[in-house]
Each structure stands twice: as C-alpha cells, then as structure tokens.
Amino acid sequence: MGLLDRAGGQLTARAEDAEILVVNTCSFIDSAKQESVNAILEMAQHKVTNGGKARRLIVAGCLVERYRDEIQRNIPEVDAVVGTGELEAILEAAGLSAPATPAAAQSSPFNILVSRAASAVHQHSLPINSTEVAPQLAPTSRAEGDLRERQGRFSRAQWEGATAALPEYLYSDETPRILTTPRSSAYIKIAEGCDHPCSFCIIPQLRGKFRSRRLESIVAEAQRLIAQGVREITLIGQDTTCYGEDLGLRDGLATLLDALAVLPGLKWLRFLYAYPNKVTTRLLETIARHETIAKYLDVPLQHASPSVLKRMKRGGTAEVFLRLIEKARAIVPGIVLRSTFIVGFPGETDADFKELCEFVAAAKIDWLGVFGYSDEEGAAAFALDAALKVPKRTIEARRRRLMKLQQKISAKAKATWVGREVDVLVEGESDETDLLWQGRTALHAPEIDGKVLINDFGPHESLVPGTFYRAEITESHDYDVVARIIE
Ligand code: SF4
C-alpha cells in the first residue's frame with residue numbers, strides 16, 4: 001500500500017470506487033485458500049459489472065506463491081499476480097511507476113508512514129545513531145536453514161504452477177508503509193520465513209528461509225512510528241525467537257527488545273510467536289527488566305503428547321513445557337501466557353488427547369486457541385498413512401472439548417482480575433453493543449485475546465479512542481472483563 005501510494009495511487013477501501021483492485025491472499029490452510037479464492041471471484045465481478053470502474057485485478061500474497069499459473073489460467077479476469085518475494089512488482093502490475101510528489105502522498109486518506117527519503121521531517125526524528133545500536137553485520141543463513149534446505153524442506157517441486165524461486169524479500173525502514181491499524185498501535189515485522197520442519201505447515205515453502213531485518217532498521221522504523229503517535233508496538237515474524245541468528249547476533253530478540261524498550265514515547269512493546277525451545281533465560285529476564293515490555297508470552301506449543309509432537313517434527317513433552325511455563329512465571333511475575341494447539345493431528349489417539357487435556361488443565365494458560373488439524377497437500381503430514389488420519393467429526397469434538405475445558409480455566413483466572421487497577425488502551429465502541437466501549441490492557445495482544453469492556457466512563461463525559469486511561473476491573477466473564485475508568 002505504501003509503494004502504491006507513493007507512486008501516486010489513491011487508496012480506497014471501497015471496491016466499487018477502485019480502478020485497480022488488489023486482493024492480498026493467504027494460502028496456509030484450505031479454509032484460507034477458499035476464502036482467498038472467494039474474494040478474488042467477488043472482486044472479478046467488479047470488472048464485468050456494467051458501469052463498474054475496475055480496470056485491473058491484481059492478486060498478491062501466498063496464494064500466488066502456491067498457484068501462480070493456475071490463478072491466471074482459471075480466473076481470466078486476473079491481470080497480474082504478485083508473490084510475497086516481489087512486492088515492488090505491484091507498481092508494474094498496477095501500471096504505476098512514476099514516483100509520487102510529497103503532495104500526492106499528503107492527500108491519502110490513510111495514516112501514512114513515509115519513507116525516509118521522502119520526508120526531511122522524519123530524518124529529524126531519528127536521534128539515535130544507528131551504528132550505536134548494533135554493528136552492521138553481513139547476513140548469513142542459519143545452519144538449521146541450510147540443513148533443512150538440503151533435506152528438501154523448501155522444495156516446491158511437487159507444486160504445479162509455483163515458481164522454483166523462494167521469496168527472499170525483506171522490507172526495511174526505507175520502504176514506504178501505510179498503517180491500517182488504529183493510530184496508537186502498529187505491528188513491525190522483524191523477520192521473514194521459517195527454517196523449522198513442522199510437518200503440518202507449508203509456510204517455509206511459501207515464505208522462504210528465515211531471514212532477519214537489520215536491527216537498526218527496525219529501531220528506525222519504531223522511532224518513526226512513535227513520532228507519528230504509535231504507543232504500542234507488536235513485533236511479529238513466523239518465529240520471532242530466531243531473530244538475529246542469521247546476522248550472527250546472540251540472543252538477538254533480547255538485544256532488539258533492549259534497544260526498543262527504551263525508546264522515548266513507547267508505552268507497550270510485545271512480540272508474538274515464540275518457538276518453545278528458543279525462550280531463553282535472557283529473553284525472560286529482558287521481559288522482566290523493562291516496564292515497557294508487556295508481561296506477555298505467546299508461545300504456540302501445538303500439543304503436549306511426545307508422540308504427537310515427534311510426528312509434528314516439533315519435539316518437546318508436557319513436562320518440558322510445564323517447566324518452561326514455571327520458569328517464565330518465576331522470572332516474570334504475573335506474566336500472561338498465550339498458546340495454540342492443534343487437535344486431530346494424524347495418529348492422535350484418545351490417550352494423546354487426554355494427555356493434552358491434562359496438560360492444559362495443569363498449565364493454566366491465560367489465552368488459548370485450539371485448531372482442528374487441516375490436511376495440507378505439500379506438508380509432510382499430508383503424506384502420512386491414511387489410516388492415521390483422524391476423522392473430521394472426532395477432530396471437531398476434540399476441539400470443542402478442549403475449548404470447554406479452557407473456558408473454565410479462563411473464567412477462574414479472569415475472576416482474579418476483579419479489583420485490579422490497570423492501564424487500558426481504549427479502542428472505541430464495543431463490537432457487540434454500542435452501550436459499551438472496549439479496550440485492552442498490556443496483557444491483551446491486539447485482535448486475538450479477550451477484551452476489557454467499559455461500562456462507566458468515570459470522570460469523563462466521553463472517551464477518546466487510541467488513548468490510555470487508568471481503570472478498575474469490576475466484573476469478569478469467561479474471557480472478557482468489565483472495567484470503570486477512574487482517571
Ligand atoms: S515454526 Fe510456525 S511457521 Fe515455522 S514451520 Fe513451524 S508452524 Fe510453520
């Protein structure tokens with residue numbers, strides 16, 4: 001969006017107003033592919049409707065990495081495809097290549113993060129000498145990634161319609177970017193790709209080998225976002241805990257957090273998607289040390305039965321994970337944990353599922369997501385013996401049972417929040433009713449966790465979205481809590 005905007009495109013979220021339609025797709029699991037295809041077909045209608053303005057339809061993202069030729073062959077309305085490794089090709093696809101004048105960028109209705117080259121003002125907002133943060137290190141790949149490559153982990157040979165070339169693209173602080181999140185909150189992608197061998201997952205084939213952005217580029221981007229009013233930064237990547245290994249950094253994520261946590265103006269900093277065996281003591285101590293780092297750890301565990309974890313090619317056991325959770329709670333008192341699990345992985349027996357339930361009951365994870373296994377062609381688990389595949393009905397029943405168990409755990413945990421005073425980032429009116437407003441504490445990541453419902457504005461006549469208020473939690477539900485503003 002930033003590239004299109006800088007090249008003079010005017011962005012609109014209304015498809016009926018657009019001359020160029022861009023569908024950004026996902027290809028992770030079947031339901032996401034279907035949703036992507038439905039969106040493409042829906043947008044294609046705008047090209048054929050009488051009186052429609054649409055002239056071009058561009059499909060971008062992970063579906064292109066998987067089905068590049070097939071998309072164009074089967075949906076002739078599609079004019080161009082842009083994979084995840086060729087972002088800059090969006091300009092040619094859109095027929096826009098002339099650099100925009102700063103005035104064109106100013107007219108965008110979106111909240112714009114302009115590139116450094118385009119804005120002298122932003123150059124003044126970079127007080128830290130980037131060379132003080134970390135030395136410039138030549139990127140190398142991770143040994144694990146090289147090994148997996150030799151083992152064929154990234155091969156797309158079986159994927160008809162995909163190019164053999166893996167994406168290598170990484171954006172930087174120089175890349176123009178448009179924020180679509182609420183003004184006070186932003187995601188920063190710190191790395192791209194993944195070297196892990198998880199047998200249910202095709203993300204490495206879609207996104208390529210793990211590669212980290214330079215530390216100083218991330219810091220520069222964070223500074224610029226803060227200068228624009230962002231107060232909460234969420235670091236993401238397929239695996240944030242490998243950050244910097246390809247740059248030769250030791251404890252790269254902890255080093256990066258140390259550099260970001262002290263940036264003036266930043267209120268909340270968090271990272272998502274930690275790989276369990278990469279959560280080090282140093283990382284936990286870094287979370288504990290900085291007031292600005294949310295006491296929050298998102299560590300997808302996927303299962304607790306050693307035999308399932310082995311077939312998932314992830315490793316670990318319930319005991320190992322319980323020890324990790326105990327350690328995290330000891331080093332970071334009050335830390336909130338988020339995790340996700342997959343039920344119905346091929347070969348998961350009743351005993352494996354029971355072991356998972358016992359683990360969840362013992363671990364008392366604060367925010368938990370449960371997904372039914374989705375059999376993905378191209379993932380190693382797809383090739384497992386058909387006799388091992390768990391019937392869909394059983395998968396769904398297990399998913400519901402685990403969520404039911406978690407509901408009770410969550411309700412109990414949320415009840416202990418009542419009476420606490422917390423900082424709440426107010427987001428706006430509640431999604432469910434206009435009688436309430438909603439917000440989040442530092443212990444809620446954007447979009448995925450429960451919420452804080454606000455039923456009493458305290459001394460205020462109205463609240464301002466994107467602003468922090470002091471609040472007292474007065475009630476609790478299964479996942480959400482209710483609060484009244486006190487300051
Ligand atoms: S770590 Fe995550 S992205 Fe990487 S292979 Fe495993 S599930 Fe996929």
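**View A. Strands S15, S16 and S18 of the predicted model****.** Strand S15 (residues 437-440) and strand S16 (residues 452-456) run antiparallel and are joined by three bridges. Gln438 lies opposite Leu453 in S16. S16 also pairs with strand S18 (residues 481-485), in the parallel sense and over four bridges; here the bridge partner of Leu453 is Val482. Strands are DSSP runs (E, at least two residues), as are helices (H or I, at least four residues), and both are numbered from the N terminus. Two strands count as paired if DSSP finds at least two bridges between them. This is a predicted model, in which local features need pLDDT of at least 70 and side-chain atom pairs count only at pLDDT 80 or more, while totals for chains, interfaces and linings use all residues. Residues are numbered from 1 along each chain as its sequence is written.

**View B. The open sheet S1-S2-S3 and two helices packed on it****.** The three strands follow the order S1-S2-S3 with parallel pairing. Strand S1 (20-25) and strand S3 (80-82) are at the edges with a single partner strand each, so one side of each has no neighbour in the sheet. From one strand to the next the twist averages 20°. Six bridges link S1 to strand S2 (residues 56-61), and Ile20 stands opposite Arg56 in S2. Helix H2 (residues 30-48) packs on the sheet, where it touches S1 and S2, and its direction makes about 175° with that of S1. Helix H3 (residues 62-74) also packs on the sheet, touching S1, S2 and S3, with its direction at about 140° to that of S2. Contact requires C-beta atoms, placed from the backbone, within 7 Å; axes are lines fitted to C-alpha atoms, for helices over the stretch in contact, and angles run from 0 to 180 degrees between N-to-C directions.

**View C. Helix H10 (residues 215-227)****.** Eleven of the 13 residues of H10 are buried, so the helix is largely enclosed by the rest of the structure. Among them are Leu215, Ile218, Val219 and Leu225, and also Glu216, Glu221 and Arg224. A residue is buried if 20 or more other C-beta atoms, placed from the backbone, lie within 10 Å of its own. Just after H10, Gly229 has a positive phi of about 110°.

**View D. The surroundings of the ligand****.** The ligand is surrounded by Cys194, His196, Cys198, Cys201, Ile203, Pro204, Gln238, Asp239 and Tyr275, the criterion being a C-beta atom, placed from the backbone, within 6 Å.

Note on methods:
The expected span of a helix is 1.5 Å times one less than its number of residues. A residue is buried if 20 or more other C-beta atoms lie within 10 Å of its own, exposed if 12 or fewer, and partly exposed in between; C-beta atoms are placed from the backbone.
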